[in-house]
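Biologist: I'm new to this structure and would like a close look at one part of it. Could you take me through the strands and how they are put together, and then the helices that go with them?

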Amino acid sequence: MKHAAKNLLVVGAGVVVLGGVLAALLLTGSGDGEETSSAAESSSSSSISLVSREEEDITSMEVTNQYGTYTIVPYEHVSEVEVSDESGGTTTETTTNTLYRIAEYGDSAPLNTYTTERVLECGFSLNATRNIGEVADLSEYGLTDPQATIKVNFNDGTDFEYLLGNENAGDGSGYYMCVSGSNNVYIVSVDDEIFEDKTTFINKTLLSLSYSAEEIGTVVDGLTLSGTQYPDPIEITFNEEDSTYTMMAGHEMELDTDEYSTILATLTSLSADDVAYVCPTAEDLAAAGLDNPSAVVEFSIIDGDTYRLSAGRSENGMTHVMVNGKDAVYLVEDSKVSTWTQNSAYNMRSKFVKLPMITEVQSMTVTINGEVTEFVLSRTKDEEKSTEDSTVYNYEVTGNGKKLTYDDYFQKYYQSIIGIQLLEETDEEPTGEPVVTLTYHYYDEFNRPDDVISFYEAGTRRYLAQTNGGTDGLVSSTYIDRIAPNTEKMLNDERVYVN
């Protein structure tokens, strides 16, 4: 008698009706086909248990389908958890659980345990919805060239092997099945993943953060972009004290907060479309372009975890991606990751060259063709408007030592200075001396070094802008040509009009 036959049990109402006759037929495989078929038709509405064991009884489950063979095996998973003790400290508690993995993969493969458990259930708990009975030609049911062959080994030395053929032609409610070596056909329901490649067991969730697109900006305290796409790595820092951002890419730049929010929104949730390599080798990483990633994004949650994703080669609209903590190379649609794989410092920065807060500036030097104008701002505490939590100041300004009107007049002039916007990106290097240089000196309390912004002639109606020696881009001559006449007006204490 085969081991598989020993595992066949019959349950349900059909057994009660037929007594011990049908049970004996299924357990022993004896009797002529005509009688077995007749009995099976009588029990067509019953649930027939073909194998009924426990999950922990399985030592291996081997599945062979059109994609090849994979084997599900148990392993002991050891985890450590810190727990509080009576003294107020913490101790490390070790727990061991039996989990299941794909033997053909390494232990570090990031499996979807839910999918693995569902397929594994087809090995220790399999029920038929109908017994077709003995058939003359298994090929009519797709069982001579089965879609899948499953062999389960149990820890008591027994095994259970069965074949899965075509989908039930009648109503698609299951698949034709027979025990290996038998011509008795059943209809069973199985998990569809049993017919897939073993990559179906890989967890394709790369990121799943419990923050909305609106919340993510307030909890990420830093983000860095690097890789061949970013010759000057981009580093963005969130300043909790004043809820502002600092962007560094060779030099400090003003951040386009809308563009930054778009990037963060794509990082709250990300799933792969396919799997390229599991437990990749050095050769696999090179083939995927991940030995020298084109883009790497790394960000951290305030008082939380740090995440790192690397992007390699893009092919047929799919980018090869890895995420820290998951030993696999994934394929992700380009559009899902383009915000950080195909971006640039110019695109991510504000198109305003520099936007220093007027209340932080202690002095501003405007140098036009070598002629220097010094604006000095002073402030006094407004005792009536100030509170314990907030200090309000009254401001005054002088230009080359001459007292000027701060409210409206100097404020408008200052607005015209910081309103200079970039027109386009450039790889040009400046030549000659700058036509205009703006130098901002800040109050000590803000702990900021001076900012020096210079503008060089760069062809017709264009100036090249640099901040602290780093190139920002090209600006229209309209912004720069108006600085000289506006400065003269300001020194005459005349109002400057801003377009």
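Modeller: Here is a walk through two sheets, followed by some helices. Keep in mind that this is a predicted model.

Let's start with the sheet that begins at β1. It is an open sheet of 9 strands, and if you read across it the order is β1-β5-β9-β8-β7-β6-β2-β3-β4, with antiparallel pairing. The edges are taken by β1 (48-52) and β4 (90-102); each has a single partner strand, so one side of each has no neighbour in the sheet. From one strand to the next, the twist averages 30°.

Now go to the β4 edge and work inwards. β3 and β4 run antiparallel and share 13 bridges. To find your way along this pair, look for histidine 77, which stands opposite asparagine 97 in β4. The two strands form a hairpin with 5 residues between them, and in that turn glycine 88 has a positive phi of about 95°.

On the other side of β3 (residues 68-84) comes β2 (residues 58-65), joined to β3 by 5 bridges, again antiparallel. Here methionine 61 has isoleucine 72 in β3 as its bridge partner. This connection is a hairpin too, with 2 residues leading from β2 to β3.

Further along the order you meet β6 (residues 148-154) and β7 (residues 159-167), an antiparallel pair with 6 bridges. Valine 152 is a handy marker here, and its bridge partner in β7 is phenylalanine 160.

While you look at these strands, one general point may help: in a regular strand, side chains alternate between the two faces of the sheet.

Next, the other sheet. This one is also open and has 9 strands, in the order β14-β13-β12-β11-β17-β18-β19-β20-β16, with antiparallel pairing. Its edge strands are β14 (252-253) and β16 (274-278), and each of them pairs on one side only. The partner of β16 is β20 (residues 328-333), which runs antiparallel to β16 and is held to that strand by 4 bridges. Among the paired residues, valine 278 is matched with alanine 328 in β20.

Two helices go with this sheet. Helix α7 (residues 257-266) packs on the sheet, touching β11 (220-226), β12 (234-239) and β13 (244-248), and its direction makes about 90° with that of β11. Helix α9 (residues 334-341) lies across β11, β17 (295-301), β18 (306-315), β19 (318-323) and β20, and runs at about 100° to β20.

Last stop: helix α11. Its buried residues are Tyr406, Phe410, Tyr413, Tyr414, Ser416, Ile417 and Ile418. What do the buried residues of α11 pack against? They pack against β21 (361-368), β22 (371-381), β23 (393-399), β24 (402-404), β26 (436-442) and α13.

The partner helix in that list deserves its own look. The axes of α11 (residues 406-418) and α13 (residues 483-491) come within 11 Å and cross at roughly 165°. Angles over 145 degrees count as roughly antiparallel, and α11 and α13 are therefore roughly antiparallel to each other. The crossing is left-handed. On the α11 side, Tyr409, Phe410, Tyr413, Ser416 and Ile417 make the contact, meeting Ile483, Asn486, Thr487 and Met490 in α13. Sorted by class, this contact has 6 nonpolar and 3 polar residues, with no charged ones.

Key: Residues are numbered from 1 along each chain as its sequence is written. This is a predicted model: local features need pLDDT of at least 70, side-chain atom pairs count only at pLDDT 80 or more; totals for chains, interfaces and linings use all residues. Side-chain values use heavy atoms; hydrogens and water are left out. Axes are lines fitted to C-alpha atoms, for helices over the stretch in contact, and angles run from 0 to 180 degrees between N-to-C directions. Angles under 35 degrees count as roughly parallel, over 145 as roughly antiparallel, 65 to 115 as roughly perpendicular and the rest as oblique. A crossing is left-handed if the near helix is turned anticlockwise from the far one by less than a right angle, and right-handed if clockwise. Contact means heavy atoms within 4.5 Å. Ala, Val, Leu, Ile, Met, Phe, Trp, Tyr, Cys and Pro count as nonpolar, Asp, Glu, Lys and Arg as charged, and the others, Gly among them, as polar. Two strands pair if DSSP finds at least two bridges between them. Buried means under 20% relative accessible area, exposed over 50%, partly exposed in between (1.4 Å probe, protein chains only).
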